[in-house]
Amino acid sequence: MTSKGSLLAAVPGAQDDDGEDNGGNGGAVLADSLALERVTVTGSDSVHNGGALYAEADVSVIDSDLSDNYAEFDGAALYAWSPDATISVIGTSFYDNDAG
């Protein structure tokens, strides 16, 4: 996976950059805000929300592919926690992601 920014991989017991436990969110990526371009995320699983990606603020995903990801609850491929978040998805394909 490649990115133009820095990311914290979500692993059991990991913390986001606010020092909060990720609680099993974000199968591949957990971040406070998220900007990805030309990224492929496939085959990731989350025990809670965001099978591939989980963000607590603004999200931008451009020219990427998210496929075969699974979240136990919500956001098969992408979950944005904040109701005030701005979500921008351009030229990105979502295929065969599942939640719940």
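Modeller: Two strands count as paired if DSSP finds at least two bridges between them. In this predicted model, the bridge partner of Asp-65 in strand 12 is Ser-93.

Colleague: What makes strand 8 and strand 12 a pair?

Modeller: Strand 8 (residues 65-67) and strand 12 are joined by three bridges, in the parallel sense. The cut-off is at least two bridges, so the two strands pair.

Colleague: Why are strand 4 and strand 12 called edge strands?

Modeller: The open sheet has three strands in the order 4-8-12, with parallel pairing. Strand 4 (40-42) and strand 12 (93-95) each pair on one side only, which is why they are its edges. From one strand to the next, the twist averages 5°.

Colleague: How many helices and strands does the chain have?

Modeller: The count is zero helices and 13 strands.

Colleague: A search of the whole structure finds one aromatic pair. Why is the pair of Tyr-54 and Tyr-79 called stacked?

Modeller: The ring centres of Tyr-54 and Tyr-79 lie 5.4 Å apart and their planes differ by 10°. Centres within 6.5 Å make a pair and planes under 30 degrees apart make it stacked, so both conditions hold.

Colleague: What makes this a link between distant parts of the chain?

Modeller: Tyr-54 lies in strand 6 (residues 53-55) and Tyr-79 in strand 10 (residues 78-80), 25 residues apart.

Colleague: How do you know whether Tyr-54 is buried or exposed?

Modeller: Its relative accessibility is 5%. Buried means under 20%, so Tyr-54 is buried. Across the chain, buried residues make up 38% of the 100 residues.

Methods: Residues are numbered from 1 along each chain as its sequence is written. This is a predicted model: local features need pLDDT of at least 70, side-chain atom pairs count only at pLDDT 80 or more; totals for chains, interfaces and linings use all residues. Side-chain values use heavy atoms; hydrogens and water are left out. Rings of Phe, Tyr and Trp (its six-membered ring) pair if their centres lie within 6.5 Å; planes under 30 degrees apart count as stacked, over 60 as edge-to-face and the rest as tilted. Helices (H or I, at least four residues) and strands (E, at least two) are DSSP runs, numbered from the N terminus. Buried means under 20% relative accessible area, exposed over 50%, partly exposed in between (1.4 Å probe, protein chains only). Axes are lines fitted to C-alpha atoms, for helices over the stretch in contact, and angles run from 0 to 180 degrees between N-to-C directions.
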